[in-house]
Amino acid sequence: MTSPQKYSRILQTDMPVHTGERAFAIQLLDCLPDEAKVWFSLQLPGCKEIDALLLHPMHGCILIEVKSKPLDMVEHFNIHTCQLTGQNSSIHPLKQALHAVYPLKQKFEDYGYRAPWIRSTAALPLISRRDFSRKFNPLPNEQSAINDQINGMIFAEDLCAKEHFEDCLLRMVTTPPIGFAPIKLKFDFEETFKNLSKVLDTEKRNTERNSPQERIQSVGQFQIQPNRPRKDTIKNFTAPGNRGAVVINGLPGAGKTQALLDIAVSHAEAGRNSLFVCYNKVLATRFRQDMEALETVSAETKGRVLIADIYDLHNALNDEFMKATYEKFFETVCVDESQDLYHYGVRQDLLKLIDDVVAENAEWFFAYGRDQELYGTAPERVLNALENSDNVQELRRPARSATDSFRESVFSQVGFDYGFDPVKAETAAKDMLRRIQGDETLSDNTYRQALQSIQVTKFSRDTDVREYEKLLIDELQKVEALGAPQDLMLLFPRTDRDSTGRELVVQALQNLDIPYLDQVIPGNRRERLAPGHLRLVTVHSSRGLQATRTILFAPHLISANQQCEDSTVWNSTVPYIALSRAMNGTHIVEFTDEEPSGFQSYVNNCREAYGQQLLKQLMG
């Protein structure tokens, strides 16, 4: 009997509990070289359970689906499906393995590591390859897809000795049972082991939060309970049906994204495979992070929800076998910000990138915001769905009157309604005051705080980095006083460092030894924000995110109602996003030696007009 202590260097987890998987684990350990590493029964949030994950010094990362069943319990097997006695699903074990590969790769990218090439296979340790082939492969000596599958899977004879297992791995690497062999594969064992260990250790810590403080810090901005949506108007959609295409329509801040997440999770709870896609890389990563932290959703349900940005999923599907694995797989598809998914820049309907993975009778749910485009317009199928009023659900903005963020939302929402037009700033200020007065619970102090919620500081291009340091220290003290240490987001209208002041901001952060994640850099946009780090992000990529406080730099670069050369749509959406990410105040940093934009003028004019209106009211 193999002792786990004997293989302590190889074994990275406890041994499996299930008898069949434990027996396989013992056999596998006996066949591995001393340098190998192996994990068993990995249950990662948002990922199907991984029976075994092998990191081999020569052959790389291999994900194994284990089926400890005798031959007489395998009723049917071909290259597409497999039926085991007593199981309702006929999903192929190789496809089961592949279903865990893409979410595992997402984990690497979420933590800022380059994902390794992950091979996948299945193990049938109670069956010999010879007997299995006799039953399901009528022509074992001819080259065929089923022959490649059987030769690339792990059977009983492969686990008898190290040399037999090594032969099996060589066959699998040369002719994978599913997928294809890369022409050139760069593999650094030590680096892959280090990164994989960090990812899995972090995931383990995230799922083992015990203290109340840790649980508070893990709460994301989206709170989800299956079949208990935040909005009553969404209850009709939380049970799976046969609705075709449904449009969730509403103004900014109405809760469209929350509604989609409620629907996706509720359908997954009912047994469906749910896909949630959006255009924004940063937001997709945040969604996955929030989903993992939810204690109200079971691991099994989380495993049925795949959250991805649409380009990343499309790139993964370039692997023909990955595409075949997810072919017609998702029965519920939730699409965020659908008004942007006919992209002007590439002249393409981005929904077509995912059509192959959507079931024929799938339900589509589109979050749609009229006049809220950033990159394009709505694809034809969204516009067609809008024409059927029975399948359009209008959402109203929430009344956040009792919260600090109410003041923030009113300033940005009124600005959106008036197109951030500086000529209309005085009228907008009066309207803002009327909306705040509509809530009888708000005091005179609240009216004053509404004025202070948008703070403006003036720098010049010659401002010393020490002034940036003072600004950051002051803002960090504010969020700490609000009970949210380090929850400060820094917003920039563009990606270049000079025009936005980002170079000096980064220098100030480094001087103060403040950890940060710079997602203004495109390559960092799929990386998750680590605890205690500040987020630097473009205004565009911040759509859907929130923080306790924000600093917006270089407002002179934000304009409304114009078309940019890079095919980005500039309308009231961009200014709205810039002013609505904070729950407790936005600090705007202007550059006095730059010509102010219309948006910048609107903010200053509206603040001044609101102050005058407030003074008149208080003096009575």
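The following exchange asks how the terms used for this predicted model are justified.

Reader: What kind of model is this, and how are its residues numbered?

Author: This is a predicted model, in which local features need pLDDT of at least 70 and side-chain atom pairs count only at pLDDT 80 or more, while totals for chains, interfaces and linings use all residues. Residues are numbered from 1 along each chain as its sequence is written, and side-chain values use heavy atoms, with hydrogens and water left out.

Reader: Why is H267 called buried?

Author: A residue is buried under 20% relative accessible area, exposed over 50%, and partly exposed in between (1.4 Å probe, protein chains only). H267 has a relative accessible area of 0%, and therefore counts as buried. H267 is found in helix α8, residues 256-269, where helices (H or I, at least four residues) and strands (E, at least two) are DSSP runs numbered from the N terminus. Contact means heavy atoms within 4.5 Å, and, leaving out residues up to four places away in sequence, H267 touches ten listed residues, among them F237, R243, E363 and F365.

Reader: Why does K107 count as buried, and what does its side chain meet?

Author: K107 has a relative accessibility of 3%, so it counts as buried. K107 lies in helix α2, and its side chain is joined to that of E292 by a polar contact of 2.3 Å. A polar contact is a pair of N or O atoms within 3.5 Å; within protein, one must be able to donate a hydrogen and the other to accept it, and residues adjacent in sequence count only if both atoms are side-chain atoms.

Reader: How do you know that α9 has the span expected of a helix?

Author: The expected span is 1.5 Å times one less than the number of residues. For the 13 residues of α9 (residues 281-293) this comes to 18 Å, and the end C-alpha atoms are 19 Å apart, which agrees. Eleven of the 13 residues of α9 are buried, including R286, R288, D290 and E292. At the start of α9, a side-chain oxygen of N280 comes to within 3.0 Å of the backbone nitrogen of V282.

Reader: What makes β1 and β7 edge strands?

Author: Two strands pair if DSSP finds at least two bridges between them. Five strands form an open sheet of mixed pairing, in the order β1-β2-β3-β6-β7, and β1 (37-42) and β7 (154-155) are its edge strands, since each pairs on one side only. Strand β6 (residues 118-124) runs parallel to β7 and is joined to it by two bridges, with A123 standing opposite I154.

Reader: Why is S41 called partly exposed, whereas A554 is called buried?

Author: S41 has a relative accessibility of 29%, so it counts as partly exposed, whereas A554, at 0%, is therefore buried. S41 belongs to strand β1, and A554 to the loop between β21 (549-553) and β22 (562-563). Neither is a glycine, yet phi is positive, near 50° in S41 and about 55° in A554.

Reader: What makes a set of residues a nonpolar core, and which members of the largest one touch the most others?

Author: A nonpolar core is a set of buried Ala, Val, Leu, Ile, Met, Phe, Trp, Tyr and Cys residues joined through side-chain atoms within 4.5 Å. The largest has 134 residues, of which L53, L63, F77, F132, L275, L313 and I354 touch the most other members. A second, separate core of 26 residues includes L11, L32, A52 and L54.
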